[in-house]
Amino acid sequence: MADLLSNPILLEWGSLLLRWVHVIAGIAWIGSSFYFIALDLALRKADGLPQGVAGETWQVHGGGFYRMQKYTVAPPELPKELTWFKWEAYTTWITGFALLVWIYYLQADIYLIDPAVRAMPAWLAATIGIGSLIVGWVVYDQLCKSPLGKNDLALGLVGFVLLCAAAWGYQQVFGARAAFIHTGALIGTLMVASVAHTIIPNQRRVVADLIAGRTPDPALGKAAKQRSMHNNYLTLPVVFLMLGIHYPLAYSSTFAWAIVGLVIVAGAVVRHFFNSGHAGKGHPWWTWGAAAACLALAAWISVATPRVGATPAAQSQERADPDEHRNPRFLAAVEVVQMRCAMCHAEVPVWATYAAPAGGVRLDTAEDIARRRKQIAVQSVLTYAMPPNNITGMTLDERQVLAAWLERR
């Protein structure tokens, strides 16, 4: 494990391949989810439908016509072949959790723990992260099963408040970027756990009842549909949170939890626009104005409020070589980084393009540079990705200075 964590090539390629599979699985899951919600909403009553069929819709695609029908509970008998949609969701979560472990837990000192927020051992931070996903699912599941679950609007409002509270709570223990991604991971966990523990099991119970000659309970389908609708309305916000970790303004504000709330609302009203259209109820164009207003307010909050870590805090030196600050190679590397990189990677960047540290990475102090040695190795020694297009003119000799320092590690 120690060799793995010290090998930036393995870390970089492992991250890339996991992210690739994660995105592929996510596309498949989101695509099937959006399609079936649209299909369900597009169903219409028609004369001559078989008994138990709630409605049908005709569709055309790929040069052919499709006649889609939906049974309210289940057909009188099962077909020989039945396609289940579950592995798209499971694979998305498995690879997403693997990424969380690979990037944030195995490299906690760089990506998860910010001493300016709260210093803690890596094992404790990982325990809090994983534990919060479990607790979040239990709370959500019990809310859906409680009397509150019979009122979709009330359940949605309570869930919204709890998600904002979770986003705030993550900000109290993790670095800004890690807090943002954990909020996304929590929502993703609720969505996938609903598939694994409610939607698929309920469908299996319906199948078992049919095989046994019993009449399936309609409540099973109703509960599964409720969770599917929750997933549908949470999809756009969770995608934003996953992308947002690459944009420091989205997550670095001390009010990032409010930005999360605004994004949830924006994503939900956009889905309402499409769902309403699919259901034949017209297109509520006001939703786009509401979404734009939410995102404009989120953008304003991102620049008008203090950023996480803006108040200097004592930096933990536990992970650093106590003699490093007296090492001439390290001091030479600090000089290079501060001259070529710190204009973009500072608490207040001087480069006009950035209103927050680029990528959420600060390199304006020796402590920050020591903590980011692995990223520096990948971005400026193993590759010449940074500075971008070598805009600050880092020379080959200066890259050798960085390499000389890193070789000691």
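**Group meeting talk: helices, pairs and cores**

Let's start with one residue, Asn202, which sits in helix H7. Please keep in mind that this is a predicted model. Is Asn202 buried or exposed? Asn202 counts as buried, at 7% relative accessibility. What does Asn202 touch, leaving aside its neighbours within four places in sequence? Its contacts there are Leu220, Ala223 and Ala224.

Now, confidence. The average pLDDT of the protein is 86. A score of at least 70 is reached by 94% of the residues. Look at residues 310–320, though. There, pLDDT stays under 50. The model has 15 contacts for that stretch beyond four places in sequence. Where pLDDT is low, the predicted coordinates should not be read in detail.

Next, the nonpolar cores. In soluble globular proteins, nonpolar side chains tend to be buried together. The largest nonpolar core in this model has 53 residues. Which residues have the most contacts inside it? They are Tyr104, Leu112 and Phe174. Helix H7, residues 176–212, gives the most to this core: 15 residues. Let's stay with Leu112 for a moment. Not counting residues up to four places away in sequence, Leu112 touches nine partners you can find on screen: Tyr104, Tyr105, Gln107, Ala125, Ala126, Phe174, Gly175, Ala178 and His182. There is also a second, separate core, with 17 residues. Among them are Ala333, Val334, Ile376 and Trp405.

On to charges. Side chains of opposite charge can pair when their charged atoms come close. How many salt bridges does the structure hold? It holds 9. Take Asp141 and Arg227. They form a salt bridge, and their closest N and O atoms are 2.9 Å apart. Asp141 lies in helix H5, residues 122–145, and Arg227 lies in helix H8, residues 218–244. So the pair ties together parts that are 86 residues apart in sequence. Asp141 is buried, with a relative accessible area of 8%. Arg227 is buried too, at 3%.

Here is another pair. Asp209 and Arg214 meet through their side chains in a salt bridge, at 2.8 Å from N to O. Asp209 counts as buried, with 12% relative accessibility. Arg214 counts as partly exposed, with 48%.

One more pair: Arg340 and Glu398. Their side chains meet in a salt bridge at 3.0 Å, N to O. Arg340 is in helix H12, residues 328–340, while Glu398 is in helix H15, residues 396–407. This pair links distant parts of the chain, 58 residues apart. Both residues, Arg340 and Glu398, are buried. There is a network as well. Asp40, Lys70 and Lys225 are joined into one by salt bridges that share partners.

Last topic: cysteines. A disulfide is a covalent bond between the sulfur atoms of two cysteines. How many disulfides does the structure hold? The count is 0. Why is Cys294 not bonded to Cys164? Cys164 has the closest cysteine sulfur, but the sulfur of Cys294 is 11 Å from it, so the gap is too far for a bond. Cys294 counts as buried, at 12% relative accessibility. Cys341 is in no disulfide either. Its nearest cysteine sulfur, that of Cys344, is 8.4 Å away. Cys341 also counts as buried, at 11% relative accessibility.

To finish, go back to helix H7. Asn202 has its place there, and the helix gives 15 residues to the largest core. Thanks, everyone.

Key
Residues numbered from 1 in each chain as written. Predicted model: local features only at pLDDT ≥ 70, side-chain atom pairs only at ≥ 80, totals over all residues. Heavy atoms only, no water. pLDDT = per-residue confidence, 0-100. Contact = heavy atoms within 4.5 Å. Salt bridge = Lys/Arg side-chain N within 4 Å of Asp/Glu carboxyl O. Helix = DSSP H or I, 4+ residues; strand = E, 2+ residues; numbered from the N terminus. Buried < 20%, exposed > 50% of the residue type's maximum accessible area, 1.4 Å probe, protein only. Core = buried A, V, L, I, M, F, W, Y, C linked by side-chain atoms within 4.5 Å. Disulfide = S-S within 2.5 Å.
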